[in-house]
Amino acid sequence: MGFIDHISDVCAVTSTRKSKRKPMQFVMQAVEVKVKMDCDGCERRVKNAVSSMKGVKSVDVNRKQSRVTVTGYVEPNKVLNKVKSTGKKAEFWPYVQYNLAYYPYAPQAYDKKAPSGYVRNVVQAFPSPNAPVEKYTTLFSDENVHACSIM
């Protein structure tokens, strides 16, 4: 340790007062919740309840898809509980886009109630990462940057 470091440690002001506030340990994320909304009043009630939470940056309500997207420094379970406190039945968004699912017609993946272009997010719709079939099919793919290029 040098002389300047020693002097800066001696002259540093230390605070003895302890703060009662916990530092925010959340990261910026988007939480998607499925909420059945019938009218403008339902939509307004859900939007006002969620936007009043601490750390919320934006709230996007899509009544046609029954979807609420909350972006900010929030905890997903707290967002879900806040939406449920409005009296609406709510759950985390259970769907993924149709083109992202490897087996979109796997058992329990195809849902008639899902919005257009979405299927239910189930384990059977996605292949195992260690599956040999997946490894062999992507070996010579043009989309795989590490593919073999024998021409």
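## Terms and overview

A residue counts as buried under 20% relative accessible area, as exposed over 50%, and as partly exposed in between. Those cut-offs apply throughout this report on a predicted model. C39 has a relative accessible area of 36%, so C39 is partly exposed.

The protein holds 4 helices and 6 strands. Read from the N terminus, the elements run α-β-α-β-β-α-β-β-β-α. The chain has 151 residues, and 26% of them count as buried. About 11700 Å² of the protein is exposed. Carbon and sulfur atoms supply 54% of that area. Take the contacts with a separation of 6 or more: residues 24 or more positions apart account for 54% of them.

## The nonpolar core

In soluble globular proteins, nonpolar side chains tend to be buried together. Here the largest nonpolar core has 18 residues. V33, V35, M37, V68, V70 and V79 touch the most other members. Several elements each supply at least two residues of this core: strand 1 (29–35), helix 2 (40–51), strand 2 (56–62), strand 3 and helix 3 (76–84).

V35 shows what such a residue touches. Residues up to four places away in sequence are not counted. V35 then touches V46, S66, R67, V68, V83, K88, K89 and A90.

## The aromatic cluster

The structure holds 2 aromatic pairs. In one of them, the ring centres of W93 and Y95 are 5.2 Å apart. Their planes stand at 80°, so the pair is edge-to-face. W93 also pairs with Y118. That pair is edge-to-face too, with 5.9 Å centre to centre and 90° between the planes. W93 lies in the loop between strand 4 (90–92) and strand 5, while Y118 lies in strand 6. The pair therefore ties together parts that are 25 residues apart in sequence.

W93, Y95 and Y118 form one aromatic cluster. Both W93 and Y95 are buried. W93 has 10% relative accessibility. Y118 counts as buried as well, at 16%. A charge joins the picture: the charged end of R67 sits over the ring of W93, 4.5 Å from its centre.

## Two cysteines without a bond

The disulfide count comes to 0. The cysteine sulfur closest to that of C39 belongs to C42, at 3.4 Å. A disulfide needs sulfur atoms within 2.5 Å, so this distance is too far for a bond. From the other side, the nearest cysteine sulfur to C42 is that of C39, and C42 is in no disulfide.

The two residues also have their own exposure values. C39 is partly exposed, at 36%. C42 is buried, with a relative accessible area of 7%.

## Two more buried positions

T69 lies in strand 3 (residues 67–72). T69 has a relative accessible area of 15%, so T69 is buried. Leaving aside neighbours within four places in sequence, T69 is in contact with A30, V31, E32, S58, V59 and D60.

A106 sits in the loop between strand 5 (95–97) and strand 6 (118–120). This loop residue is buried, because the relative accessible area of A106 is 10%. V119 is 13 residues from A106 along the chain. The C-alpha atoms of A106 and V119 are separated by 9.8 Å.

Conventions: Residues numbered from 1 in each chain as written. Predicted model: local features only at pLDDT ≥ 70, side-chain atom pairs only at ≥ 80, totals over all residues. Heavy atoms only, no water. Buried < 20%, exposed > 50% of the residue type's maximum accessible area, 1.4 Å probe, protein only. Contact = heavy atoms within 4.5 Å. Phe/Tyr/Trp six-rings, centres within 6.5 Å; stacked < 30°, edge-to-face > 60°. Lys NZ or Arg CZ within 6 Å of the ring centre and 35° of its normal. Core = buried A, V, L, I, M, F, W, Y, C linked by side-chain atoms within 4.5 Å. Areas by Shrake-Rupley, 256 points an atom, 1.4 Å probe, with all protein chains shown as cover.
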